Amino acid sequence: MSHDVLRSVLRGELLEPGTSAYDAARVVWNGLIDRRPALIARCRNAADVIAAVNHARTHRLTIAVRSGGHNVAGYAVCDDGLMVDMSPMNAVHIAPGLDRVLIEGGATWGDVDAATTPFRRATPGGLISMTGVAGLTLSGGIGWLRGTHGLSCDNLIAADVVTGDGRLIRASEVENIDLLWALKGGGGNFGIVVNFELRLHEIADPVMFCAPAYPEEHAVDVIPQWRDHMASAPDEVSGLAEFSTIPSDQAYPEQTWGRRVITLATVYDGPAEKGERVMQPLRALGEPLLDFSGQMPYRELQSIYDGLFPKGRDRCYWKSTYLSGLGDDVIGAIIERLIKRPSEMTYASIWKFGGAMQRVASDATAFGDRNIPYMLSLDAIWSDPSDDDANISWVRNAWQDMQPHSTGRLYLNFPGLGEGDNLVRNALGAETYSRLQKIKRVYDPENIFHLNQNIAPDVRLS
């Protein structure tokens, strides 16, 4: 099969197996994923994306879409098909009124924060700056600003989308309104977003990051106190309780190496001095083993986890579930299962939801019902391939054990490897899923974009 025609029209590169550039481009964040596309189109503009989509459709090639390549399920790369690599398209522009930011589809949150924070502005992103704007936003986007400004998708004003038939269309509040709704939580099912327009908000400089790390053996006492404090905290406070192990690294005191901890990672979206006062009780729930708290620029906060999750180094399997509550029995069940985690590299987090995120109507976005007080994320990380089965099995078993305490839904950015026939239906709810099927039928009736948290087109409309 000749690909010379595609190569001749691309402004970017067309990579094929056998070159160092190809091998570098196919690597995604999760080291468990090792796939080899037939082609990688490194797109520089919307015309390149259209040409790549048309070529894939003509030659019946599976399409994988990469922005940041950070999705743990590895959807950004495929075997034998065509990988549309958006990473060269990473420009970010601030609107003159400082109320909106225009972001190309391959940008990361680090690109966005670098452009917006000098103006003391931000839009809700994730917790790792290397994460792609596209993947995070299209499936929700849970970050530090959720209490005051909601999810990333709640701040999506408009998007430019390349459809499966090679058209460039705009989704906004005045055109293709149904598509804009679907992009707010429905994933990459409807086309390739080449431009995002997101709402900007003023941020404090610096912000206060509160992160005392208590010995994990005290979790049964610490987590209920954290829960009760967060229940009465203002919207400006967003955070999570995170189980981890202190690594044997010179960045930490040697006497703490190998100690399992519960870290109450929390951010105050407002003046740092006020945030320090408001969150001080979290630093006094006992004697912290370590305390990572401090005032810092928002941009620094957004990259504080980057070093813990380097691209391609570790093998990962992350799975989430929304909890219907966090009673003492649920806390006990979580602790009981985390004690058995096979890897000391693993993280597991209880995310507290509230504020602006929960005030969005259930039918306002494809993310669905916001009546979810907590999320449990089981994030297994390990390095040796021989440990794959042990870690994946531990997550799946712990996840299944927690289902009696779950709402039945899950966060699609932490989907395991995307397995399960009803994964997306369960994640979004039956009513939202049905509505998305109808929209999928309009914009991608042939399911060309299926390497994602896939939504099958509603065949009843054909």
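Good morning. I begin with a cysteine: the sulfur of C43 lies 13 Å from the closest cysteine sulfur, that of C78, which is too far for a bond. A disulfide would require the two sulfur atoms to be within 2.5 Å, and by this rule the count comes to zero disulfides. I should say at once that we are looking at a predicted model. C43 has 0% relative accessibility and therefore counts as buried.

Shortly after this cysteine in the numbering comes helix α3, residues 46-58. How far apart should the ends of its 13 residues be, at 1.5 Å a residue? The expected span is 18 Å, and the end C-alpha atoms are indeed 18 Å apart, so the two values agree. At the start of α3, a side-chain oxygen of N45 comes to within 3.2 Å of the backbone nitrogen of A47. Among the buried residues of the helix are V49, I50, V53 and H55. After α3 comes R60, with a positive phi near 55 degrees.

I turn now to the strands, with β6, residues 100-104, as the first example. In a regular strand, side chains alternate between the two faces of the sheet. Which residues of β6 are buried? V101 and I103, which point to one face, are buried, while R100, L102 and E104 point to the other and are not. β6 has two partners to mention. Strand β5, residues 92-94, runs antiparallel to β6 and is joined to it by three bridges, with H93 opposite L102. Five residues lie between these strands in their hairpin, and there L98 has a positive phi near 60 degrees. Strand β10, residues 192-199, also pairs with β6 in the antiparallel sense, over five bridges; here E104 stands opposite N195.

Strand β18, residues 315-323, presents another picture: nine of its nine residues are buried. R315, Y317, K319, T321 and L323 point one way, C316, W318, S320 and Y322 point the other way, and all are buried. For C316, the relative accessibility is 2%, so this cysteine counts as buried. The partner of β18 is strand β20, residues 374-382, in an antiparallel pairing over nine bridges. Within that pairing, R315 has W382 as its bridge partner.

My last stop is Q302, in helix α10, residues 298-302. Is this glutamine buried or exposed? Its relative accessibility is 1%, and therefore Q302 counts as buried. Leaving aside residues up to four places away in sequence, Q302 touches D113, G125, G126, L127, I128, S129 and W144. Thank you for your attention.

Terms used: Residues numbered from 1 in each chain as written. Predicted model: local features only at pLDDT ≥ 70, side-chain atom pairs only at ≥ 80, totals over all residues. Heavy atoms only, no water. Buried < 20%, exposed > 50% of the residue type's maximum accessible area, 1.4 Å probe, protein only. Helix = DSSP H or I, 4+ residues; strand = E, 2+ residues; numbered from the N terminus. Pairing = 2+ DSSP bridges. Expected span 1.5 Å × (residues − 1). Polar contact = N/O pair within 3.5 Å; in protein donor to acceptor, adjacent residues only side chain to side chain. Contact = heavy atoms within 4.5 Å.
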